[in-house]
Each structure stands twice: as structure tokens, then as C-alpha cells.
Amino acid sequence: MHGDFEAQRHWMELTIHLPISQWYFFDLPYWGLDYPPLTAYHSWLLGKIGSLIDPRWFALNASRGYEDQLLKVYMRATVLISEYLIYVPAAIILNRKLGRMRGVSTWDSTVALVAVMMQPATILIDHAHFQYNTVMLGFALASISSMLARRALWGCVFFVAALCYKQMALYYAPAIFAYLVGICLVPRLSVKRLLAIAVVTILSFAVCFAPLLLGSLYDQYYGISSSTTETSLPPLLAALPLKLNSKSWYFPPLFQIGQSIHRIFPFARGLFEDKVANMWCAIHTRHKLNQYPLGQMQRISTVVTIISILPSTMTISLFPHAELLPWAMASTACGFFLCSYQVHEKSVLLPLLPMTILLGSDGGLGTEMRAWIGWANMLGVWTLFPLLKRDELRMPYGVLTLLWAYLLGLPPTSLSLYWGRQSRNGELKFLTKALHLAFYAVMIAWHFGEAFIPPPKDKPDLWVVLNVLIGFAGFGICFVWCSWQLILRSGMMEDYFGVRMRIEAGNKKKKQ
């Protein structure tokens with residue numbers, strides 16, 4: 001209970017009882033608020049509604065660690081309702097739009113939509129481990145839909161909402177930014193569109209942060225106690241060359257901005273959180289990275305991340321076709337997950353979603369696309385197992401993962417994609433078959449080993465470390481595949497016309 005569930009409950013507790021100027025300052029060691037303002041407003045709304053049912057659930061300080069069964073039911077219900085209000089409509093609209101644009105049959109679109117809704121990693125993290133990731137993911141899907149409908153300004157609004165709900169949406173930001181720059185420059189410079197996008201984006205951020213900033217001014221005007229006089233300057237403000245006057249009218253909103261950014265981007269926490277299947281954790285298993293200064297590792301991870309996302313951002317900016325956005329977002333999200341600073345296991349949801357939504361595009365349920373996207377999802381949820389095991393979620397993990405594999409005809413429930421007539425008709429390359437089947441075999445063997453073979457006493461984390469190393473290798477392959485598919489489908493490789501013809505021929509064959 002004293003994990004993400006308690007964190008979300010505690011945020012509801014503090015937002016409904018404290019002045020808005022104290023939200024990002026209150027008792028930071030105990031699950032202090034560290035998400036952007038939309039999460040805080042959402043917590044306030046859910047806390048207000050929950051308090052009408054039972055005030056004990058969110059009583060200030062007294063409710064810490066409260067484990068009432070009805071409270072659990074309420075909290076779980078809020079995840080479902082939030083998902084059905086934002087994520088589900090956004091996924092349906094995007095799925096239908098992709099289907100209509102590419103002439104995908106209703107049956108194939110429906111199967112793809114079910115696959116998106118039943119993504120095991122998303123269900124297990126949000127509904128079992130407990131989070132509200134689908135709210136942020138829903139806003140991201142709405143942004144893609146708007147771009148596909150040639151409504152770039154609405155796309156900006158929805159993406160800002162995603163960013164202001166969870167900072168993890170930054171994984172998609174380079175792709176979205178590069179696409180928006182591209183449509184302003186290609187085929188010719190459009191200053192009017194560039195200014196419109198800039199103004200709408202700034203206004204959207206202003207609207208999201210307005211209650212927080214106006215609330216701090218209100219509290220100052222009426223003399224309501226705040227934490228600005230008791231807390232040292234946030235690093236962002238402390239780094240300014242100007243000396244700020246704490247008595248001035250503009251100081252409280254500036255302080256709020258500085259503190260919220262400091263909380264939203266926790267650079268002091270370290271390079272990675274727990275054991276996650278990315279580059280830094282994999283390297284750390286052999287060469288301890290904590291021996292280096294934190295600032296140095298921040299700079300190195302930033303440079304490596306920029307290098308990793310450069311090919312996909314350049315491609316989408318030079319060829320700004322909205323249909324390529326899911327590929328670009330999957331590529332940049334993979335790059336961030338593998339190389340960026342302060343990555344959590346749950347961040348794997350970000351590259352998986354745009355990949356999975358592509359099942360609803362032309363050829364999405366064809367042999368190659370289904371094999372790669374299905375394998376990525378199975379690998380992703382497998383890397384979450386150590387986290388899920390701590391929450392005693394082995395059974396839901398097994399049921400949901402096998403059910404999703406059965407829906408798409410994936411191992412271990414079916415080998416039809418890799419062996420037999422369907423495999424031969426789909427022209428899945430031998431190397432792809434060998435690679436995927438090897439990973440499936442290793443993941444299954446790992447589960448048996450983790451369940452029945454205790455690790456050596458001097459290596460208690462052996463199985464978790466193996467999970468990290470295998471997952472890192474797999475995600476690296478996923479990253480290369482997504483980036484290569486983006487480049488191929490953009491038309492950049494016109495010299496390799498035969499390769500493009502094979503893609504187009506496969507799509508035509510699927511339609512027939």
C-alpha cells in the first residue's frame with residue numbers, strides 16, 4: 001500500500017486541504033507532489049469527490065497508510081473512469097482514423113483496437129500497480145489524431161495537456177516538435193503557421209499553470225501562510241544572476257514555477273530508478289556508474305539521448321507526414337528509455353503505445369508488423385515482472401500476457417507467425433524468426449529459472465540483473481527497427497526503391 005497507491009491517495013489528501021501555494025512544498029519526504037499541475041488538479045477533483053463519500057479517506061495527516069477496502073474500490077474506480085473519459089475515446093478515434101485513411105477493414109481495425117485496449121503492460125501498471133498513465137497517453141493519442149486531421153493547433157493543445165499531466169510525455173516531445181517544425185518549413189516557409197503554433201503552445205502552458213500561479217498570488221494577497229519563506233530557493237531560481245526580492249508581488253509565482261520544475265524534474269535522484277532495462281543500468285551491472293559525479297552523468301546521458309533521437313527527429317522534420325508520427329514517437333521514446341536520465345520501469349509504456357496503435361494501420365496485422373509489435377509488447381511486459389512480483393501480481397501478469405499473446409497469435413500460445421504456412425506467406429525473414437524465437441525461449445527459460453532456482457548468496461539480484469540485460473538488448477533491437485521503418489516509410493531511401501516496393505507490395509497483399 002505504501003507505494004504508488006499511497007502516493008496518489010496522499011496527493012488527493014494534500015490538495016484538498018492545503019492552499020495551492022503549498023502543494024509543491026508540503027512534507028516532501030513523504031510522497032511529496034512531483035508531477036505537473038494537471039495531475040495536481042486531477043488529484044484535487046478526485047479528493048473532493050472521495051471526501052463526500054468518506055472524509056476519513058483523505059483526512060490531513062491522519063489518513064496516511066489508510067487501507068479501507070472501500071477506499072481501494074474508489075481509487076480503482078477513478079482509474080477506470082479517467083481512462084474511459086480520455087484514453088478510450090482517443091484510442092478509438094485514432095484507430096478509426098488510421099483505418100479510414102489506409103482502407104483497413106472494419107474487422108482488422110477492431111482487432112487492432114482490442115489489442116491496444118488490452119495491452120498487458122498498461123493494464124498491469126495502471127490498474128494493478130496503480131497509476132493514471134492512461135490519462136497522459138490518451139492526450140498523446142488525441143494529439144496524433146489532431147495532426148492526422150490537419151489540425152496542428154489542436155494537436156499542440158492536447159500534447160501540452162499530456163506534458164502538463166505527466167512529464168514522461170517528454171519522450172514524445174522531440175518527434176512532435178520536429179514534425180511541427182517540418183510542416184512550417186516544408187514545402188515552403190509558413191511564418192503564419194509557425195507563429196500560430198508558438199502562440200497556442202505558450203497559451204496552453206499558461207492555462208495549465210495559471211491556477212497554480214494565480215493561487216500563489218491570491219494566498220499572498222490575503223496573507224495565507226505559504227512555504228516560500230521557509231524553503232530555500234529552488235536550483236532554477238538560485239542559478240539566476242539576478243537577486244530576487246522576496247517581498248515583491250512577482251516573487252510567489254516565480255517561486256512556485258521554480259519549485260514545481262524542481263519537483264517535476266528530480267535530477268538529484270540519480271541516473272536510473274531501481275533496476276530498469278536501459279543502457280545505464282545494464283552498464284552499471286558491470287561498471288559502477290555511481291563513482292562518477294552526478295552532474296557529469298547528467299551531461300553524458302543528455303548527449304547520448306540527443307544522438308539516439310537525432311535520426312528520427314531529422315527524418316520527421318524533413319518528411320513531415322502525419323502518418324509517420326507514431327513511428328517517430330516510438331523511435332524517440334525508445335531512445336529516451338534506453339539512454340536518458342532518471343528512467344523508471346513504467347516508462348516502457350511510452351514506446352509501446354505508438355507501436356501498438358500501428359496495428360490498426362495498413363499491414364498492421366500482417367505477419368511482419370504483428371510479429372515485431374507483438375514481440376516488443378511481450379518483451380516490455382516481461383521486463384516489468386520484477387516490479388509486478390513485488391506487488392504480488394504474478395497471476396494477473398500471467399493471465400493478461402497469455403491472453404494478449406493468444407489474441408495476436410504470438411508465442412508461447414502460438415507459433416503460426418514463425419512456423420508453418422502463415423509464416424511462409426508472410427515472408428518473415430529467417431533472421432527475424434530466429435531472433436524473436438530466441439528471445440521468447442530466453443524469457444520463458446528465465447521465468448522457470450527465477451521460479452525454481454534460487455540465486456547465489458553473493459548475487460541475490462542475479463535474476464533481476466539478467467532481466468535488465470536481456471531487456472536492454474531487446475529494446476535496443478526495437479529501437480533500431482522503429483527508426484529503420486520510419487526512414488524507409490518516409491521515402492528518404494529512394495535509391496533503395498526495391499526495398500520500398502517490398503513494403504508497398506506487402507501492404508497491397510494485406511488489403512487483398
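Start by selecting K389, which is partly exposed at a relative accessible area of 31%; that label covers values between buried (under 20%) and exposed (over 50%), using a 1.4 Å probe and protein chains only. Before you go on, note that this is a predicted model, where local features need pLDDT of at least 70, side-chain atom pairs count only at pLDDT 80 or more, and totals for chains, interfaces and linings use all residues. Residues are numbered from 1 along each chain as its sequence is written, and side-chain values use heavy atoms, leaving out hydrogens and water.

Now add E450, whose side chain forms a salt bridge with that of K389 (2.3 Å, N to O). A salt bridge here is a side-chain nitrogen of Lys or Arg within 4 Å of a carboxyl oxygen of Asp or Glu. The pair links distant parts of the chain, 61 residues apart: K389 sits in helix 17 (residues 385-390) and E450 in helix 20 (residues 430-452). Helices are DSSP runs of H or I with at least four residues, strands are E runs of at least two, and both are numbered from the N terminus. E450 counts as buried, at 17% relative accessibility.

Next, select E323 and R102, another salt bridge (3.7 Å, N to O). E323 lies in the loop between helix 13 (294-318) and helix 14, and R102 in helix 3, so the pair ties together parts 221 residues apart in sequence. E323 is partly exposed at 24%, and so is R102 at 33%.

For the interior, try L141, Y172 and L180: of the 130 residues in the largest nonpolar core, these touch the most other members. Such a core is a set of buried Ala, Val, Leu, Ile, Met, Phe, Trp, Tyr and Cys residues joined through side-chain atoms within 4.5 Å. Helix 14 (residues 325-339) brings the largest share, 11 residues. Show the surroundings of L141 and you will find contacts (heavy atoms within 4.5 Å) with residues including Y87, L94 and I357.

Then turn to the surface and select W44, L45, I49, I53, L70 and V73, which make a nonpolar patch of about 550 Å². Helix 2 gives the most to this patch, with four residues. I49, in helix 2, is partly exposed at 40%.

Finally, zoom out. The protein chain has 22 helices and zero strands, and its C-alpha trace spans about 75 × 65 × 50 Å along the principal axes. Buried residues make up 54% of the 512 residues.

Methods: Patch = residues over 30% accessible without salt bridge, like charges linked within 9 Å, V, L, I, M, F, W, Y side chains within 5 Å. Areas by Shrake-Rupley, 256 points an atom, 1.4 Å probe, with all protein chains shown as cover. Lists of a residue's contacts leave out its neighbours within four places in sequence.
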